[in-house]
Amino acid sequence: PSQIVDVHPYDKDAEEARTLIRVSTMEGRYRPMVLEWNRPIEEMIGFQQMLEQETIGSAWFCWDDRMVTDMGLIDADGARRPHFWALKAALQDVA
């Protein structure tokens, strides 16, 4: 397939997101990407593993807390938040 679908699995755990991705791509008719995802630290590794299995690419939402308070990898002062380190670990775990 040449068409890409960008799925935003907000407020979904890994298995709920997997189902949404599969339904949204019509079971493989379109190639899936998730260009905005953000999960609690304890869900990051499992969620990233699911994304590696189900998508052709993904991107974390959001870079810093100036975009959306308490959702960034970096706080408003430029310091790395715990989510930064957790995402780095999750990415290394699936590499």
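Asp 6 has Met 33 as its bridge partner in strand β2. The model is predicted. Strand β1 (residues 4-6) and strand β2 (residues 31-37) run parallel and are joined by 3 bridges. Between these strands the chain passes through helix α1 (residues 14-24), giving a right-handed β-α-β crossover.

**Strand pairing beyond β1**

- Strand β3 (residues 58-60) pairs with β2 in the parallel sense, over 2 bridges.
- Trp 37 has Trp 60 as its bridge partner in β3.
- Helix α2 (residues 44-54) sits in a right-handed β-α-β unit with β2 and β3.

**Salt bridge between the helices**

- The salt bridge count is 6.
- One of these is Arg 22 with Glu 54, whose closest N and O atoms are 2.6 Å apart.
- Arg 22 belongs to helix α1 and Glu 54 to helix α2, so the pair ties together parts 32 residues apart in sequence.
- Arg 22 is partly exposed at 36% relative accessibility, whereas Glu 54 is buried at 14%.

**Other salt bridges**

- Arg 39 and Glu 43 form a salt bridge at 2.9 Å, N to O.
- Arg 39 counts as buried because its relative accessibility, 11%, is under 20%; Glu 43 is partly exposed at 26%.
- Asp 65 pairs with Arg 81, with 3.6 Å between the closest N and O atoms.
- Asp 65 and Arg 81 both lie in the loop between β3 and α3 (82-94), so their salt bridge ties together parts 16 residues apart in sequence.
- Asp 65 and Arg 81 are both buried.

**Network**

- Glu 15, Arg 18, Arg 22 and Glu 54 are joined into one network by salt bridges that share partners.

Notes. Residues are numbered from 1 along each chain as its sequence is written. This is a predicted model: local features need pLDDT of at least 70, side-chain atom pairs count only at pLDDT 80 or more; totals for chains, interfaces and linings use all residues. Side-chain values use heavy atoms; hydrogens and water are left out. Two strands pair if DSSP finds at least two bridges between them. Helices (H or I, at least four residues) and strands (E, at least two) are DSSP runs, numbered from the N terminus. A crossover is right-handed if, with the strands pointing away from the viewer, the path from the first strand over the helix to the second runs clockwise. A salt bridge is a side-chain nitrogen of Lys or Arg within 4 Å of a carboxyl oxygen of Asp or Glu. Buried means under 20% relative accessible area, exposed over 50%, partly exposed in between (1.4 Å probe, protein chains only).
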